[in-house]
Amino acid sequence: MQKNDLFELEITDIGVDGEGIGRHEGMTFFVKDACIGDVIRARVTKMKKNYGYARVEEVITPSTFRVVPKCPIYRQCGGCQIQVMSYESQLEFKQRKVLGNLVRLGHFDEEEIKRKMLPIIGMEEPFRYRNKAQFPVGYNRDGEIVFGFFASRSHNIIPVEDCYLGVEQNREILAIIKAWMEHYRIRPYDETSGEGLLRHVLLRYGFHTGEIMVCLIINGRRLPHANELADALTVVEGMTSISFNVNTEHTNKILGNQTECIWGKPYITDYIKDFAFHISPQSFYQVNPLQTEKLYSCALEFAGLTGKESVWDLYCGIGTISLFLSQKAKQVYGVEIVPQAIEDANNNAELNHVDNAKFFVGKAEEVLPAFYNGTLEGEDFASDSHMNRPDVIVVDPPRKGCDPMCLDTMLKMQPERIVYVSCDSATLARDLRVLCDGGYEIRKVQAVDQFGHTTHVESVVLLSRAKAK
Ligand code: SAH
């Protein structure tokens, strides 16, 4: 077979990125936007020795899992990879993805993991769940100002009136900003020439408070006609914070370092369960707060706290999990690499009157060993005999997982329980193998869907020390 060949293909499986997989004449084909159960006419786009890539020319018999994607630009955008699947089958796919990775990459026994896996926690409403949206600004072919998204793997803006993952208010806000730009002749930033002013619009919404934040990211040090913009935006119900952020660099990074508030507060407030958080344009905050509550409640439950425990929360970000744990623990210690996040974590602890959480800036793989070896600078833990032997360690690392040094130190510290929160089940599987070879056993696995219509899935795993045989 060669490029551009047409053939009929039945999609019998689904890949880790949501692509359809089918077999034809002994070859495996990967097909974007094809759904398991579809019979399609496929066109070869690339051939390798034992496998190939194809695209959907026509769906001959649609899969029973298939639904009509709600979004008209679903295929170009690339933000959602599996919107063609019914939400129920998306959840099945995610449950199987976690199981598959634990078995294939972690070499765990399939039947054993199946017994330990709880049913995946899905969303009640799989659309409109994101509290944060970032729209690049540009011109379309007719020279009209457009907001949109970058087409997948490119920097062409696809105009988007409304993204179904974001909140409905975004559309009204963008329309106001567009009218203001047209009226005052504010030009969108042009990547190639480096000219023009407005680069991105960042919008955030507090699901529990209804507070709205608008931040304009500009290629300049001051925002002309800022008062007129603020006047126009304040008609939007819930408007709480309007600011601009300076980014004059030629870079892919969206935000620069300096933010100036032009109206209202420099932050919005939102809650995760009973905890309040101040969110500024630059701070990290979970984008799906409703599912985050479920994820962290599960982590808290798995931690099995009674009030006497000392707990480490590694990769703690702004301290969300740490605050959750602090309700039921004697003492919580958080570690995070980004200094600004630790500043937020300390402020969040204060805001919520939490006085049993302490935060350290640094790499988990350096802070934990330093602590274990008694060389953690500036801290005197001698009075706290608990510290050397935490009862529980919670980790929530980025996609690349935990550093070997961090895992090694966790094993040396021998906590009663380890709770592993993961956004990538492949690195989770790898790390669980290390922990289990080091004397721990998996007790429970809970997958949680934080990002409907994408292939991402979060998991929480409870491990405890294996009983001596
Ligand atoms: N638990 C947090 C967020 C976890 S995301 C929350 O609930 O909000 C992973 C975090 O790990 C990020 O904040 C990232 O900055 C941090 N991180 C990345 N590498 C790290 C390392 N080597 N040591 C400590 N923290 C790290």
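**Helices, sheet and ligand contacts**

User: Which strands does helix H11 lie across, and at what angle does H11 run to S20?

Analyst: Helix H11 (residues 425-437) lies across S20, S21 and strand S22 (458-465), at about 165 degrees to S20. Axes are lines fitted to C-alpha atoms, for helices over the stretch in contact, and angles run from 0 to 180 degrees between N-to-C directions. Helices (H or I, at least four residues) and strands (E, at least two) are DSSP runs numbered from the N terminus. This is a predicted model, in which local features need pLDDT of at least 70 and side-chain atom pairs count only at pLDDT 80 or more, while totals for chains, interfaces and linings use all residues. Residues are numbered from 1 along each chain as its sequence is written, and side-chain values use heavy atoms, with hydrogens and water left out.

User: What makes S6 and S18 edge strands?

Analyst: The open sheet holds 8 strands in the order S6-S21-S22-S20-S19-S16-S17-S18, with mixed pairing. Strand S6 (117-121) and strand S18 (357-361) each pair on one side only, and these are the edge strands. The twist from one strand to the next averages 15 degrees.

User: Why are S16 and S19 counted as paired?

Analyst: Two strands pair if DSSP finds at least two bridges between them. Strand S16 (residues 310-314) and strand S19 (residues 392-395) are joined by 4 bridges and run parallel, so the criterion is met. Within this pair, tryptophan 312 stands opposite isoleucine 393 in S19. Helix H10 (residues 404-413) packs on the sheet and touches S16, S19, strand S20 (417-422) and strand S21 (440-448); the direction of H10 makes about 165 degrees with that of S19.

User: How do you know what span to expect of helix H6?

Analyst: The expected span is 1.5 Å times one less than the number of residues. Helix H6 (residues 289-303) has 15 residues and should therefore span 21 Å; its end C-alpha atoms are 21 Å apart, which agrees. For helix H2 (residues 87-104), the 18 residues should span 26 Å, and the end C-alpha atoms lie 25 Å apart, which agrees.

User: Why is threonine 292 called buried?

Analyst: Threonine 292 is found in helix H6. Buried means under 20% relative accessible area, exposed over 50%, and partly exposed in between (1.4 Å probe, protein chains only). Threonine 292 has 0% relative accessibility, so it counts as buried. Leaving aside neighbours within four places in sequence, threonine 292 is in contact (heavy atoms within 4.5 Å) with Ile272, Gln286 and Gln450. In H6, 11 of the 15 residues are buried, and the helix is mostly covered.

User: What is notable about phi in glutamate 25, and why is this residue called exposed?

Analyst: Glutamate 25 has a positive phi of about 45 degrees although it is not a glycine. Most residues other than glycine have a negative phi. Glutamate 25 lies in the loop between strand S2 (20-24) and strand S3 (27-31), and its 66% relative accessibility is why it counts as exposed.

User: What makes the approach of glutamate 365 to the ligand a polar contact?

Analyst: A polar contact is a pair of N or O atoms within 3.5 Å; within protein, one must be able to donate a hydrogen and the other to accept it, and residues adjacent in sequence count only if both atoms are side-chain atoms. A polar side-chain atom of glutamate 365 lies 3.0 Å from a nitrogen atom of the ligand, so the distance satisfies the cut-off. Backbone N or O atoms also lie at 3.2 Å from a ligand nitrogen for tyrosine 315 and at 3.3 Å for isoleucine 337.
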